[in-house]
Amino acid sequence: MSAAPLIPRSDAELLARVFRVSLVEVSGGSATSTAITPRGMSSQVPNTPLVFLSDLAAQLAKEVPPDGDPLAKWSELSARKALYDRVLIERLSSQNEPVADFLIASFRRAAESRARRPRDATDEFEELHNYLLELCVSYTAIALQNPTFFPQPAEAEEQGVLRLLAPLKNDGVDSGLPSGFLASLTARMQEEDGLADLALPLMERIAADVRGLERGILDDGLLSCYRATLAIVREKPLAAVIAADGKWLAQSITGAMLERRSMLGALFGVSCFPSDPTVPKLCFQDLTGPSLESDTRTLRMSLQVVQRALKSISTELLKNGDAKEPFFKMVSAACT
């Protein structure tokens with residue numbers, strides 16, 4: 001005879017779906033995805049084994065009163081939310097993997113699960129899903145600011161907030177951040193006065209990446225840097241922090257210094273005729289050959305892509321009351 005369930009089936013399914021965990025041990029000591037078959041499981045969720053939270057399962061078993069109903073304590077919504085907290089903490093504490101990556105993926109799974117709300121779902125369905133989303137964002141903020149708080153690989157610890165850079169560079173595609181995640185994370189970091197800790201390292205790294213592109217305007221990595229920048233400045237609190245930082249203009253005297261030192265100088269300083277001879281060498285190796293017209297067309301198309309990206313970034317800055325004036329100062333400095 002199987003043991004009585006420790007938590008309601010609906011909660012077990014939701015936790016399996018979002019956090020990929022189980023409180024039930026099966027299949028010779030490991031929890032697998034067949035232990036629970038969550039309804040509405042996203043097709044994007046890999047069919048990987050669920051993590052069996054043995055310590056938490058033992059704790060919950062001890063909390064059941066003798067001859068009592070193990071499910072009685074979960075009648076209150078607050079108790080179920082507290083359970084979700086405990087499950088997530090146990091999951092993060094028991095595995096050595098990049099914490100931000102796991103939480104971003106969990107946020108996406110929770111959002112997908114909420115979007116598949118059944119017709120007969122109660123108000124609790126929405127509230128519990130929203131709470132799961134809040135947990136993912138809250139613990140992401142903790143992991144980014146304190147990378148050693150939970151066990152994770154050394155690379156992820158060293159990266160800190162820069163762990164977000166890869167998904168930001170893929171903004172708008174499947175490997176990017178899920179919709180609403182950055183806005184929620186921004187709001188959370190704003191509550192904790194941590195916006196500068198989030199925005200500034202990311203922008204500094206993006207600028208460094210642009211300056212390090214070997215092929216200049218023709219480099220495949222350039223567009224991803226613009227995507228990341230646009231995703232960041234689209235969040236008005238982040239753009240405001242960036243524009244208020246001392247490195248926004250960095251006491252630049254000349255246009256060349258503005259490109260080298262200012263926060264967005266590397267992004268706005270891209271040109272078809274840079275002082276760096278990389279682009280001319282790549283495009284115009286033979287000024288007399290038939291490829292000259294093709295090379296010129298390629299360069300023109302690349303510049304148009306850059307111009308569209310810069311227009312989008314500029315538009316977001318101009319729509320931001322806290323960033324508009326600093327942006328005009330940057331433009332003015334570039335023109336003097």
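Q: What about C335, is that one buried or exposed?
A: C335 counts as exposed, because its relative accessibility is 65%. Keep in mind that this is a predicted model.

Q: And C225, buried or exposed?
A: C225 counts as buried, because its relative accessibility is just 1%.

Q: How many disulfides are there?
A: The count comes to zero disulfides.

Q: OK, zooming out. How many helices and strands does the chain have?
A: The protein chain has 16 helices and two strands. It has 336 residues, and 45% of those count as buried.

Q: What share of the contacts link residues 24 or more positions apart?
A: Those make up 69%, taken out of the contacts with a separation of 6 or more.

Q: Got an example of two residues far along the chain but with a known distance in space?
A: Sure, take L310 and T229. They are 81 residues apart in sequence, and their C-alpha atoms are 9.7 Å apart.

Q: Where is L310, and what does it touch?
A: L310 lies in helix α15, residues 291–318. Leaving aside neighbours within four places in sequence, L310 is in contact with Y226, L267 and F268.

Q: Is L310 buried or exposed?
A: L310 counts as buried, because its relative accessibility is 13% and the cut-off for buried is under 20%.

Q: Another pair like that?
A: E325 and A243 are 82 residues apart along the chain, with 8.8 Å between their C-alpha atoms. E325 is in helix α16, residues 324–335. E325 is exposed, because its relative accessible area is 53% and exposed means over 50%.

Q: Let's talk about the core. Which residues touch the most other members of the largest nonpolar core?
A: That would be F19 and L164, in a core of 87 residues. Helix α5, residues 123–145, gives the most to this core, with eleven residues.

Q: Why would nonpolar side chains end up in a core at all?
A: In soluble globular proteins, nonpolar side chains tend to be buried together.

Q: What does L164 touch, then?
A: Not counting residues up to four places away in sequence, L164 touches I104, L144, L177, F181, L185, L198 and L202.

Q: F19 is in α1, right at the end of it. How many residues of α1 are buried?
A: Nine of the eleven residues of α1, which runs over residues 9–19, are buried. They are D11, A12, E13, L14, L15, A16, R17, V18 and F19.

Q: What do those pack against?
A: The buried residues of α1 pack against β1 (21–22), α3, α4 and α5.

Q: And what comes right after α1?
A: R20 follows α1, and its phi is positive, near 60°. R20 is not a glycine, and it is found in the loop between α1 and β1.

Q: Why mention the sign of phi?
A: Because most residues other than glycine have a negative phi.

Q: Is R20 buried or exposed?
A: R20 counts as buried, because its relative accessibility is 7%.

Q: Where else is there a positive phi?
A: D193 has one as well, near 55°, and it is a residue other than glycine. D193 sits in the loop between α8 and α9. D193 is exposed, because its relative accessible area is 72%.

Q: Since α8 came up, which of its residues are buried?
A: In α8, residues 181–191, the buried ones are F181, L182, L185, T186 and M189. They are on the same side of α8, because they cover an arc of only 130° around the axis.

Q: What covers them?
A: The cover includes α4 (99–115), α5, α7 (165–169), α9 (195–211), α10 (221–233) and α11 (236–244).

Q: Last topic: at what angle do α2 and α3 pack?
A: Helix α2 (residues 54–62) and helix α3 (residues 77–94) pack at about 145°, and their axes are 9 Å apart.

Q: Which residues make that contact?
A: From α2 there are D55, L56, Q59 and L60, and from α3 there are L83, R86, V87 and E90. The residues of this contact divide into four nonpolar, one polar and three charged.

Key
Residues are numbered from 1 along each chain as its sequence is written. This is a predicted model: local features need pLDDT of at least 70, side-chain atom pairs count only at pLDDT 80 or more; totals for chains, interfaces and linings use all residues. Side-chain values use heavy atoms; hydrogens and water are left out. A nonpolar core is a set of buried Ala, Val, Leu, Ile, Met, Phe, Trp, Tyr and Cys residues joined through side-chain atoms within 4.5 Å. Buried means under 20% relative accessible area, exposed over 50%, partly exposed in between (1.4 Å probe, protein chains only). Helices (H or I, at least four residues) and strands (E, at least two) are DSSP runs, numbered from the N terminus. Contact means heavy atoms within 4.5 Å. Axes are lines fitted to C-alpha atoms, for helices over the stretch in contact, and angles run from 0 to 180 degrees between N-to-C directions. Ala, Val, Leu, Ile, Met, Phe, Trp, Tyr, Cys and Pro count as nonpolar, Asp, Glu, Lys and Arg as charged, and the others, Gly among them, as polar. The arc is that of the directions from the helix axis to the C-beta atoms. A disulfide is a pair of cysteine sulfur atoms within 2.5 Å.
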